[in-house]
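Subject: Structure for your review

Dear colleague,

Please find below the structure that I am handing over to you. My notes on what was found in it follow directly after.

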Amino acid sequence: MITMIVGEIANFVAYAFAPAVLVTPLGALSIIVSAVLAHFILNERLHALGVLGCVMCIAGSVVIVIHAPQEQEITSVREIWNMATQPAFLLYVASVIVIVFVLLFYFSPLYGQSNVLIYTAICSLMGSLSMNYLNKALDTFNTAIVSPIYYVMFTTLTILASVIMFKDWSDQSPGSIISEICGLVVVLSGTILLHVTKDYERIPQSRSVYAPLSPSLTTRLNGELLKHVEDERTSDEQKALRRQEMY
């Protein structure tokens with residue numbers, strides 16, 4: 001718990017010295033550390049997909065660090081206010097509010113218990129103000145499914161908001177922007193691979209020894225079974241009629 005608190009404080013301080021485009025994707029490195037520690041401390045096996053996910057996270061992080069934009073110096077609160085009230089960022093905030101209300105009052109009652117994207121989208125859009133919906137997602141679905149989806153959506157939306165508000169990409173060349181996007185995609189893909197591997201290891205290996213039947217064979221067997229049941233029902237009715245005739 002102490003190390004987690006120290007890490008979150010350091011992560012918060014990092015946003016003061018580097019743009020969110022750089023800091024947020026580098027959070028995937030903590031997943032690599034968790035996977036390595038789980039291998040040595042908890043005796044969890046790291047399969048080929050897990051190793052590939054670690055390599056992808058590291059490679060994507062290196063690409064992002066190399067092509068990350070320079071942090072803009074902010075000299076006053078007035079400058080932050082001007083950034084927060086610019087039309088592009090206000091349009092983004094309004095879009096987020098509208099989408100969140102639609103998810104809350106329409107999609108959440110209908111699909112909140114069956115679709116993992118509903119609650120994770122709400123908590124990703126609203127951030128720390130709506131962590132209650134992250135808990136709902138974790139209560140409803142498997143953690144191995146919620147964690148990568150939440151990380152991918154939260155990271156993407158945080159970078160998008162930072163790019164709109166602080167114009168992190170305004171002074172960069174198209175090549176650098178494309179490289180950062182590719183690095184982000186690699187990091188997110190590696191994160192998903194790591195979580196999928198962990199979820200696979202939790203699944204019991206014992207399965208039925210019978211192979212699944214083909215659809216045509218299943219249909220034929222169901223038809224024969226239904227015919228057999230109907231034949232038995234007909235024979236029972238005939239027996240009842242014969243008994244009545246005997247009486």
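In which helix is the place of Leu157? Leu157 belongs to helix H9. Please note before reading further that the model is a predicted one, and that the values in this message should be taken in that light.

Leu157 and its surroundings

Leu157 has a relative accessible area of 18% and is therefore buried, the cut-off being under 20%. Once neighbours within four places in sequence are set aside, Leu157 has contacts with Tyr92, Ser124 and Leu125. One of these partners, Ser124, is 33 residues away from Leu157 along the chain, and the C-alpha atoms of the two are separated by 7.2 Å.

Overall architecture

The protein chain has 11 helices and zero strands, and its order of elements from the N terminus is accordingly written α-α-α-α-α-α-α-α-α-α-α. The chain comprises 247 residues, of which 31% count as buried. Among contacts with a separation of 6 or more, 76% are between residues 24 or more positions apart. The exposed area of the chain is about 16,400 Å², and 68% of that area is supplied by carbon and sulfur atoms.

Confidence

The mean pLDDT of the protein chain is 75, with 74% of the residues at 70 or more. Helix H6 (residues 87-111) has the highest confidence, at 89, whereas helix H11 (residues 215-246) has the lowest, at a mean of 54. Over residues 203-221 the pLDDT falls below 50, and this stretch has three contacts in the model beyond near neighbours in sequence. Where pLDDT is low, the predicted coordinates should not be read in detail.

Further positions in the helices

Helix H9 covers residues 143-166 and also holds Ser162. With a relative accessibility of 7%, Ser162 counts as buried. Apart from residues up to four places away in sequence, Ser162 touches Ala20, Val21, Lys167 and Asp168.

Leu188 is located in helix H10, which spans residues 174-202. Its relative accessibility is 10%, so Leu188 counts as buried. Its contacts, leaving aside neighbours within four places in sequence, are with Tyr151, Val152, Thr155 and Thr156. Leu188 and Gly60 are 128 residues apart along the chain, yet their C-alpha atoms are separated by 8.6 Å.

Thr140 lies in helix H8 (residues 131-140). Is Thr140 buried or partly exposed? At 28% relative accessibility, Thr140 counts as partly exposed, because buried would require a value under 20%. Not counting residues up to four places away in sequence, Thr140 touches Gly112, Gln113 and Tyr119. Val116 is 24 residues from Thr140 in sequence, with a C-alpha to C-alpha distance of 8.1 Å.

The surface patch

Which residues make the nonpolar surface patch of about 830 Å²? The patch is made by Met1, Met4, Ile5, Ile9, Phe12, Val13 and Phe17. One of them, Val13, is found in helix H1 (residues 2-17). Val13 has a relative accessible area of 38% and is partly exposed; a patch residue must have over 30%, so Val13 passes that cut-off.

Cysteines

How many disulfides does a search of the whole structure find? The search finds zero. Cys54 takes part in no disulfide, and the nearest cysteine sulfur, that of Cys57, is 6.6 Å away. Why is there no bond between Cys57 and Cys54? A disulfide is a covalent bond between the sulfur atoms of two cysteines. The sulfur of Cys57 is 6.6 Å from that of Cys54, which is too far for a bond because the two sulfur atoms would have to be within 2.5 Å. Both residues are buried: Cys54 has a relative accessible area of 9%, and Cys57 is at 0%.

With kind regards

Terms used
Residues numbered from 1 in each chain as written. Predicted model: local features only at pLDDT ≥ 70, side-chain atom pairs only at ≥ 80, totals over all residues. Heavy atoms only, no water. Patch = residues over 30% accessible without salt bridge, like charges linked within 9 Å, V, L, I, M, F, W, Y side chains within 5 Å. Areas by Shrake-Rupley, 256 points an atom, 1.4 Å probe, with all protein chains shown as cover. Salt bridge = Lys/Arg side-chain N within 4 Å of Asp/Glu carboxyl O. Helix = DSSP H or I, 4+ residues; strand = E, 2+ residues; numbered from the N terminus. Buried < 20%, exposed > 50% of the residue type's maximum accessible area, 1.4 Å probe, protein only. Contact = heavy atoms within 4.5 Å. pLDDT = per-residue confidence, 0-100.
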